[in-house]
Amino acid sequence: MNSEELQQIAEAVRLEHEKYDYEINVCMGAGCLAQHSDKFKDALAKEVESSGKRCHVRSAGCLGLCAAGPLALVDPIEVRYGHLRESDAKEVIASLGGKPVERLEMHLENYFQGQQHVVLENCGRIDPEKIEEYISRGGYEALLKALTEMDPQGVIDQIAKSGLRGRGGGGYPTGLKWGTVAKAVGSPKYVICNGDEGDPGAFMDRSVLEGDPQRVIEGMVIAAYAVGATKGYIYVRAEYPLAVSRFSASLREARRHGFLGANICGTPLLFDIEIRLGAGAFVCGEETALIASIEGKRGTPRTRPPYPAVSGLWNCPTLINNVETFANVAPILRNGAEWFAGMGTAHSKGTKVFALTGKITNTGLVEIPMGMPLREIIFSIGGGVPDGHKFKAVQTGGPSGGCLPEEHLDLNISYDALIGAGSMMGSGGMIVMDDTSCMVNVARFFVEFCMTESCGKCIPCRAGTAQMFGLLSKICNGEASHQDLDLLIDLCDVVKNTSLCGLGQTAPNPVLSTLRYFRDEYLEHIDHHRCPAGVCACNARTPKAELAEVTV
Amino acid sequence: MSASVDVKTLVIDGVDVSARQDQTVLDVARENNIFIPTLCHLEGLSEVGACRLCLVEIKGSPKLFPACVLKVEEGMEVITHSERLLHYRQTILELLFAERNHVCAVCVANGNCELQTIAQSQRLTHVRLPYRNPKLPVDLSHERFAADHNRCILCTRCVRVCAEIEGAHVWDVMGRGIDSMVITDLNDPWGSSSCTRCGKCVQVCPTGALFDKSKVGVSHPKSPEFLPYLNLMREEQ
Ligand SMILES: Cc1cc2nc3c(=O)[nH]c(=O)nc-3n(C[C@H](O)[C@H](O)[C@H](O)COP(=O)(O)O)c2cc1C
Ligand code: FES
């Protein structure tokens, strides 16, 4: 494959598009499919045929607003429809050329205003299983540029200059990591893509894998060239069957076009990718556990150093990055490091995809430039808290993160600002809570998650989270004393500072952050046996209720 | 081998010590009679860094490091004993005592138990946490040995000695988190497993979890010191 051939493919796609006046992109992501978007698409295709309109119906990836699915986007008029049913197909097709169907149309100016799509630029715009459509939107230009115009160090320099940091949670500078692997002695070298995505409420990586898989493959091949790897793995959780099937279809397509295998793009580069399925353990997203799992061992983390960059898969130098990290690579090389570094804050560059969920009007995927205030994401893009309820907290960073209250809503999203406020960027889950959520109960939920997902290897995480869960349950039930609270705080300190891996080290964060901002709710449970939000069943234990029991 | 390239000098608890560059802080501390508590570590087995009792402080870092896997570095200043470390070690021991069932008075290993000894060394006088007391099985199916899971602290010494020294890999870990259990084969009874009856796991078990049936009611000392000796003899062959 050379650049003329790439252009020929793009040109062919363009000519094909010219045959149509309209293109309707129907979301075939897991969320919309679950609401039978495939049936709607089939009905649409039938209608097109019988109506004779020059319209193309495309199976596309995630369109963002997952809760309003099934979704469709009509090009070029940029009309978006939601909550589509099979029976709506006729009306949608009939409206083409006239006024959009008012009943189905979604008015989402605020939702898109302020968003900036880099990772999601193709999501919902292309058929993820057609490599030609990816190529027609600039796909594989970056790989070709890297292979023909740049040496491996040049690629690493560009990534470093862009300021890209790992999107899997830790925020480690990607260029620095690539440089370490490139310099590490030992062969073969491996590239691993972390698609385990275990945070509750997170689905960014799934949407990218389902909606634009070639982008991840291109990023991985560029990484392989930069660090000198010959073999790649993508570790995807088995709960993502659609992502797995799309990705494996995409691997075949990429091989067929010479982007994987021997002599990639006619150069000496040799690299191929294999898929490994995770069996649903959250801890297998931790890099050393993930590597153990690929090796066929029990998925437990090990102490670092040595870091995977020096000794990873089968003790060989291994580059491991998140799906979204790889998805940023091609645009950086295509548009230049300066372009990327032009977005975001001083130390957090580019954009970040968030999965906006919870008590929020617009549930779905959003991609925003780093540095955007939380308030804008929640109240402008997200449309605020529905049903007249009051905003209470936003949870970021998954089970490792924390809950931030109203007074932190003007915080500009960046790795460091979130940590400073007691939360974390994490992989991009963002759960909004309103006045119907009890913050003690929320902390208990996340600690329970960490308790059941702890691998059991080190004592503080294994037994500490279980004891923390017991104490939190006691508080929720209105049975705890101040000594229990002190003990809980003490355990948080021990588990945080003595656990072996990130799971245990961050498991206390939801407790610590809710204690920092919502201590009064803890005290209400303890002193007055009352749950202010009315969630916990401790009301039954109020002295009055006890009295009633006695008199009966 | 010239000594100058190989030797590192560091400070442990204010004492200047020298070490080979491949040594861990734990090795060097022990050589210099500085006591650091350990449970999962056992000389002769691979390290897992799991019990977290050996955590030490390094001057200039807010993080704690497990001495058993921490390689020495030139100029490193290690602190193995502080109020903070003592508190963490005591709490970890409390977590262990509360996790299953460690009532010393009725345990075969009473007086010969590493958990008991370390708790004493760390001046642990009481446990603040509620005892979980799960009802776990006692496997008596083996003709010579028994496994009382209520006494197990999941140090995985049995797993490692069986796989790394005996080469049988009969023991492994099942389940996760607080439900983790050591098992023989695919959770078969020990007596009908592929156990070679060598007894190494019993000797390395720090508590009364794995024991010799013939020792019940009498003193049951264990002798894990055979491991370094065995490894040495094998290397020489
Ligand atoms: C308990 C735990 C779970 C993790 N889960 C994920 C995950 O699901 N996906 C991911 O990309 N990284 C996850 N990570 C982070 C990885 O260990 C690793 O840092 C990351 O894959 C590196 O890629 P990056 O530099 O591109 O972020 C997890 C870490 C921990 C401690
Ligand atoms: S001896 Fe180091 S962690 Fe157990």
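How many nonpolar, polar and charged residues are in the lining of the second largest pocket? That's where we'll start, and keep in mind throughout that this is a predicted model.

**Exercise 1. Describe the second largest pocket and its lining.**

Solution.

Step 1: Start with the volume. The second largest pocket takes up about 1,300 Å³.

Step 2: Look around its centre. There are 42 lining residues, and the closest to the centre are A:Arg302, A:Lys457, B:Ser46, B:Glu47 and B:Val48. That list has names from chain A and from chain B.

Step 3: Find the elements that give two or more residues to this lining. Chain A has α13 (287-294), while chain B has α5 (157-166) and β8 (171-174). With four residues, α5(B) gives the most.

Step 4: Sort the lining by class, and the opening question is settled: 16 residues are nonpolar, 14 are polar and twelve are charged.

**Exercise 2. Work out how chain B and chain A meet.**

Solution.

Step 1: Count the residues in the contact. Chain B puts in 31 and chain A puts in 28.

Step 2: Get the area. About 2,400 Å² is buried between the two chains, with carbon and sulfur atoms giving 59% of that. On the chain B side, the residues that lose the most area to chain A are B:Arg52, B:Leu95 and B:Arg176, together 25% of what that side buries.

Step 3: Go through the polar links. Between chain B and chain A there are three salt bridges. One pairs the side chains of A:Asp490 and B:Arg128, at 2.7 Å from N to O. You'll also find 16 residue pairs in polar contact across the two chains, counting pairs with both residues at pLDDT 80 or more.

Step 4: Ask which elements of chain B do the touching. At least two residues each come from β4 (64-66), α3 (83-99) and β8 of chain B. The top contributor is α3(B), with nine residues.

Step 5: Sort that side by class. The side of chain B that touches chain A has 19 nonpolar, six polar and six charged residues.

**Exercise 3. Track down the enclosed space.**

Solution.

Step 1: Set the cut-off at 30 Å³ or more and search the whole structure; five cavities turn up.

Step 2: Pick the largest cavity, which holds about 110 Å³ of space. Of its 16 lining residues, B:Cys152, B:Cys158, B:Cys205, B:Ala209 and B:Leu210 are the closest to its centre.

Step 3: Match the lining to elements. Both β7 (145-148) and α5 of chain B give two or more residues to it. You've met α5(B) before, as the element that gives the most to the lining of the second largest pocket.

Step 4: Sort by class. This lining has eleven nonpolar, three polar and two charged residues.

**Exercise 4. Explain what the salt bridge between A:Arg334 and A:Glu121 ties together.**

Solution.

Step 1: Put the pair in context. Over all chains, the salt bridge count comes to 42.

Step 2: Check the distance. In the bridge between A:Arg334 and A:Glu121, the closest N and O atoms are 2.8 Å apart.

Step 3: Place both residues. A:Arg334 sits in helix α14 (residues 323-335) of chain A and A:Glu121 in the loop between α5 (109-112) and α6 (131-136) of chain A, so the bridge ties together parts 213 residues apart in sequence.

**Exercise 5. Locate two cis peptide bonds and a positive phi in chain A.**

Solution.

Step 1: Take the bond from A:Gly69 to A:Pro70. This one is cis, with omega near -10°. A:Pro70 is in the loop between β2 (55-60) and β3 (72-75) of chain A.

Step 2: Move on to the bond from A:Pro305 to A:Pro306, which is cis with omega near 0°. You'll find A:Pro306 in the loop between α13 and β8 (318-322) of chain A.

Step 3: Finish with A:Asp387, a residue other than glycine whose phi is positive, near 60°. A:Asp387 belongs to the loop between α16 (374-381) and β11 (391-396) of chain A.

Key:
Residues numbered from 1 in each chain as written. Chains lettered and ligands numbered in written order. Predicted model: local features only at pLDDT ≥ 70, side-chain atom pairs only at ≥ 80, totals over all residues. Heavy atoms only, no water. 1 Å grid on protein atoms, 1.4 Å probe; cavity = no way out; pocket = protein on both sides within 12 Å on 5 of 7 lines; lining within 4 Å. Points joined across faces, edges and corners; volume = space filled by probe spheres on them. Nonpolar A, V, L, I, M, F, W, Y, C, P; charged D, E, K, R; others polar. Contact = heavy atoms within 4.5 Å. Buried area = accessible area lost by both parts, 1.4 Å probe. Salt bridge = Lys/Arg side-chain N within 4 Å of Asp/Glu carboxyl O. Polar contact = N/O pair within 3.5 Å; in protein donor to acceptor, adjacent residues only side chain to side chain.
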